[in-house]
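I wanted to see how this fold is put together, so I opened the model and kept notes as I went.

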Amino acid sequence: MDAEPIVYFARAVDGRRREIVLDEGRAIAAEVASSGMRLLDPVAEWDTRVPGDATDDPVQADLRLLHTADGVLMDMTVPGHQYIGCICELTYAHLWQLPSVVWVADTGLEQRMWLRHHATVIVRKQSEAIDTLAALLGGPFATGD
């Protein structure tokens, strides 16, 4: 892979404060950048959409972004969250053969057979997820000097 890989970031959004969700995205973007990859945060992209644009159905817009990614990083660490959107994104990523790494902390989600089927790798820690995805995408990547 010649250019820095683009990583689509999926995580719990529904029922959570937008500021917290965006802060999480910025923190993950910095970690991903330090691994030589670029984060694509669909939540941050929501602010760039043109209101009333008929082609900008939110789900279709996120799927267009997902389709431009080289891999998926997914945070499924919020206990009891439904993760409906994340699971849909994971299914598309699987169908499009995008490597997807999910981190679950101590939620027990790694036991779910449908998650195991669709995720390329499931880990417990964020740092492990980023390192694993970088390796799946052919890393390590130069961080530019």
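I started with strands β3 and β4 in this predicted model. β3 covers residues 71-75 and β4 residues 100-103; the two run parallel and are joined by 4 bridges. Checking one position, I found leucine 73 opposite valine 101 in β4.

Next I looked up the whole sheet. It is open, has 5 strands with parallel pairing, and goes in the order β2-β1-β3-β4-β5. Which strands stand at the edges? They are β2 (38-40) and β5 (121-123); each has a single partner strand, so one side of each has no neighbour in the sheet. I also noted the twist, which averages 25° from one strand to the next.

Then the helices. I have α1 (residues 18-34) lying across β1 (6-11), β2, β3 and β4, at about 150° to β1. Helix α6 (residues 126-136) lies across β1, β3, β4 and β5, and runs at about 170° to β4.

Last, I went through the nonpolar cores. The largest one has 22 residues, and Tyr8, Val72, Met74, Met76, Val102 and Leu115 have the most contacts inside it. I see at least two residues of this core coming from each of β1, α3 (58-67), β3 and α4 (84-95). I picked methionine 76 for a closer look: setting aside neighbours within four places in sequence, methionine 76 is in contact with Tyr83, Ile87, Val102, Trp103, Val104, Thr107, Leu109 and Leu115. There is also a second, separate core of 16 residues, with Val32, Leu39, Leu73 and Ala134 among them. So that I don't lose track, I note that Leu73 is the residue I had found opposite valine 101.

Methods
Residues numbered from 1 in each chain as written. Predicted model: local features only at pLDDT ≥ 70, side-chain atom pairs only at ≥ 80, totals over all residues. Heavy atoms only, no water. Pairing = 2+ DSSP bridges. Axes fitted to C-alpha atoms, helices over the stretch in contact; angles between N-to-C directions. Contact = heavy atoms within 4.5 Å. Core = buried A, V, L, I, M, F, W, Y, C linked by side-chain atoms within 4.5 Å. Buried < 20%, exposed > 50% of the residue type's maximum accessible area, 1.4 Å probe, protein only.
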